[in-house]
Amino acid sequence: MSCDAIGSRLTARDIGWGPNAAHTLIEKVSFSLDAGDRLAIVGPNGAGKTTLLRCLYRGLVPTTGSVYVDDEDIHALPARKVAQKIGVVLQEMPADFPFTVKDVVLMGRIPWRVGLAGWTDADRQQADHALEHLNLQHLSSRTFSTLSGGEKQRVLIARALAQQPQIIILDEPTNHLDIRHQLEIVDLLSSLKLTVIATLHDINLAADFATKAALMQDGRMSAFGPARTVFTEDRLSGTFGVKVRKRPEVTSGFTFSLAAS
Ligand SMILES: Nc1ncnc2c1ncn2[C@@H]1O[C@H](COP(=O)(O)OP(=O)(O)OP(=O)(O)O)[C@@H](O)[C@H]1O
């Protein structure tokens with residue numbers, strides 16, 4: 001079942017991308033994840049986090065460098081093969097989607113479909129399992145576009161799980177969620193054996209969730225490593241230009257305030 005799937009290794013080597021030769025948005029990004037790692041990417045608005053994610057899931061072809069999943073260069077693989085390995089949950093929500101929740105989750109099975117065959121029993125089981133995992137069974141017949149932002153987000157995560165990927169990439173997955181659902185999603189992602197890569201704006205949530213962390217600043221990955229070594233007062237204040245204090249009694253208890261000018 002989707003929740004028992006094992007993650008893959010992912011290696012990014014010297015990734016760079018820009019809309020044209022004179023304009024680079026990310027440069028020389030290199031890092032390596034072991035199977036089952038959970039990477040939190042944090043950084044200021046416009047630092048290049050989403051652009052990096054796009055290169056990692058083959059949404060953009062990097063202008064330099066390569067991305068490997070278990071030694072296979074994803075940009076040399078057909079899109080369908082990559083979709084069998086990497087599930088993606090993006091920030092943009094389809095606004096007017098005339099499908100039920102169950103239909104949307106079943107769409108996660110498209111990379112596994114053979115020819116024009118309809119959904120198989122295995123497809124339906126995977127979709128049901130993902131719906132259960134996200135506590136969404138009661139919404140399965142609702143039209144997706146009638147859901148709240150938080151409910152939509154959970155459906156899109158269920159769709160990614162139904163895809164049975166080894167790696168799941170999420171762009172600000174807790175954005176639309178209230179605090180309880182934020183914690184539930186982070187808990188769920190942490191309970192998977194998959195390799196997970198997520199951009200997050202909440203540093204404390206990121207510190208709780210991540211085995212590895214990366215700081216992005218001005219298109220560069222300025223720090224990467226075990227979360228506890230990356231999330232330090234000095235590094236965070238240098239990256240965000242704010243005063244950062246760590247509360248010693250809590251593992252992930254950072255407080256933030258504007259630095260005196
Ligand atoms: N196709 C593009 N052409 C030109 N500029 C772009 C393009 N895509 C993104 N940008 C710009 O590149 C910068 C980085 O964007 P990106 O979305 O990767 O940042 P981010 O770190 O994810 O930001 P946020 O935290 O605000 O979501 C931004 O200034 C953005 O406007």
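**Exercises on a predicted model**

Gly 219 lies in the loop between strand E9 (212-217) and strand E10 (220-226); strands (E, at least two residues) and helices (H or I, at least four) are DSSP runs numbered from the N terminus. Residues are numbered from 1 along each chain as its sequence is written. The model is predicted: local features need pLDDT of at least 70, side-chain atom pairs count only at pLDDT 80 or more, and totals for chains, interfaces and linings use all residues.

**Exercise 1.** Determine whether Gly 219 is buried or exposed, and list its contacts.

*Solution.* Step one: a residue is buried if 20 or more other C-beta atoms, placed from the backbone, lie within 10 Å of its own, exposed if 12 or fewer, and partly exposed in between. Gly 219 has 21 C-beta neighbours inside 10 Å and therefore counts as buried. Step two: contact requires C-beta atoms, placed from the backbone, within 7 Å. Leaving aside residues up to four places away in sequence, Gly 219 touches Thr 24, Leu 25, Ile 26, Glu 27 and Gly 48.

**Exercise 2.** Establish the strand order of the six-stranded open sheet and identify its edges.

*Solution.* Step one: strands pair if DSSP finds at least two bridges between them. The order is E6-E7-E8-E3-E9-E10, with mixed pairing. Step two: strand E6 (86-89) and E10 each have a single partner strand, so one side of each lacks a neighbour in the sheet. Step three: E6 pairs with strand E7 (residues 167-171) in the parallel sense over four bridges. Gly 87 has Ile 168 in E7 as its bridge partner.

How values were computed. Two residues are in contact if their C-beta atoms, placed from the backbone, lie within 7 Å.
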